[in-house]
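Hi,

Here is the structure I promised to pass on. Have a look at it first, and then read on for what turned up.

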Amino acid sequence: MARKIKPVTWYMATPADGTIELSRQAGTPVNLADAVGQVIDHPNPCRTKWFDETRFSYFRMVKRVGEALEDTGIWPVTWPVRLWIVEPLGDAGNWSHQHHPYRLLSHQIRVLEETDPWPALGAGGREVLDVIHGQLPERALRWAADWDADPEGMEERRRTWRLCGTRDIGRGEWAQAVVDVTSYARRECAAQRWAEALAADTAARALAATGFSQHAVDYARSRAAEFTVAAQHQVRLSPYVLDALRGVRLDSAPAVAA
């Protein structure tokens, strides 16, 4: 019995207004929100396929949704983005089927529908947003307060944490574990970069006009980014690495000498 081949779903991401950011920057804006159910022709297609004659030479889509934020031109990071399911039409290809197997380029698409945006942040995208919106504002205040209450002590604890990591795993080992998992999913690095930036920005906004020192704000932003990476990769990393990213030894009370 022949096995059914699952149809490929192709995704594109845009800022909140639905306009492809690279098309906006090229001066030929294409708005997907205005074209659901319609076919769109590229306003200025490249003549030599698939060569970047401009930053917006073709429509770019991916079939692994966690890659949808890569090379969108959306920077600085904003949220929410909008995630669209599209269908490539006509001639399509990519730069290299060997090195870019999950990407497709075309000069014509049909916009099928809008879907939930959180998968654009990777497999743990829902958890990332839960942490950013539900936990980071309160945690940022606590992290900043800890720092300003004892700057020298916190600096020493952070230095020790960076050298020793957590439990029986060293900083170098858990840092390498994070490198390994992101290298394994290299194309998902944009999703992690976005998650870190969104987390740091959330912490900074929570601390705006609070009177905490800049060092305390920087510390809270750094903690927020690493805490969010733990949420993003919680099914991939070991409990030891996750504890290190979450900084459990930084939040625990210092040991009291007998």
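One term before the rest: a contact here means heavy atoms within 4.5 Å. Please also keep in mind that this is a predicted model.

With that in hand, let me start with Trp 143. Setting aside its neighbours within four places in sequence, Trp 143 is in contact with Leu 136, Tyr 219, Ala 220, Arg 223, Ala 224, Phe 227 and Asp 251. Trp 143 also belongs to the largest nonpolar core, which has 38 residues. Within that core, Leu 69, Leu 121, Leu 136, Trp 143 and Trp 194 are the ones that touch the most other members. At least two residues of the core come from each of β1 (10-14), β4, α2 (125-134), α3 (136-149), α4 (151-164), α6 and α7 (214-232). Apart from this core lies another, of 16 residues, and its members include Ala 35, Ile 40, Met 61 and Val 86.

Now the wider view. The protein has 258 residues, and 45% of them count as buried. There are 9 helices and 7 strands. Among the contacts with a separation of 6 or more, 73% come from residues 24 or more positions apart. The exposed area is about 13,700 Å², with carbon and sulfur atoms supplying 52% of it.

Helix α6 is worth a closer look. How far apart are the end C-alpha atoms of α6, and what span should its 19 residues give? Helix α6 covers residues 189-207, and at 1.5 Å a residue it should span 27 Å; the end C-alpha atoms are 27 Å apart, so the two values agree. Many of its side chains will look familiar from the packing: the buried residues of α6 are Ala 190, Ala 191, Gln 192, Trp 194, Ala 195, Leu 198, Ala 199, Ala 200, Thr 202, Ala 203 and Leu 207. Just after the helix, Ala 209 takes a positive phi of about 60 degrees.

Helix α6 also holds a salt bridge, in which the side chains of Arg 205 and Asp 201 meet at 2.9 Å, N to O. The two residues are 4 apart in α6, about one turn of the helix. Arg 205 counts as exposed because its relative accessibility is 53%, which is over the 50% cut-off. Asp 201, with a relative accessible area of 38%, is partly exposed.

The salt bridges come to 15 in total, and a few others may interest you:

- Glu 114 and Arg 82 meet through their side chains at 2.9 Å, N to O. Glu 114 lies in strand β7 (residues 108-115) and Arg 82 in strand β4 (residues 82-88), so this pair ties together parts that are 32 residues apart in sequence. Glu 114 is partly exposed, with a relative accessible area of 38%, and Arg 82 is partly exposed too, with 21%.
- Glu 67 and Arg 64 form a salt bridge of 2.8 Å, N to O. Glu 67 counts as buried because its relative accessibility is 2%, whereas Arg 64, at 26%, counts as partly exposed.
- Glu 155, Glu 156, Arg 158 and Arg 159 are linked in a network of salt bridges.

That is the tour. Enjoy exploring it!

Best wishes

Notes. Residues are numbered from 1 along each chain as its sequence is written. This is a predicted model: local features need pLDDT of at least 70, side-chain atom pairs count only at pLDDT 80 or more; totals for chains, interfaces and linings use all residues. Side-chain values use heavy atoms; hydrogens and water are left out. The expected span of a helix is 1.5 Å times one less than its number of residues. Buried means under 20% relative accessible area, exposed over 50%, partly exposed in between (1.4 Å probe, protein chains only). Accessible areas come from the Shrake-Rupley method with a 1.4 Å probe; for residues, only the protein chains shown count as cover. A salt bridge is a side-chain nitrogen of Lys or Arg within 4 Å of a carboxyl oxygen of Asp or Glu. A nonpolar core is a set of buried Ala, Val, Leu, Ile, Met, Phe, Trp, Tyr and Cys residues joined through side-chain atoms within 4.5 Å.
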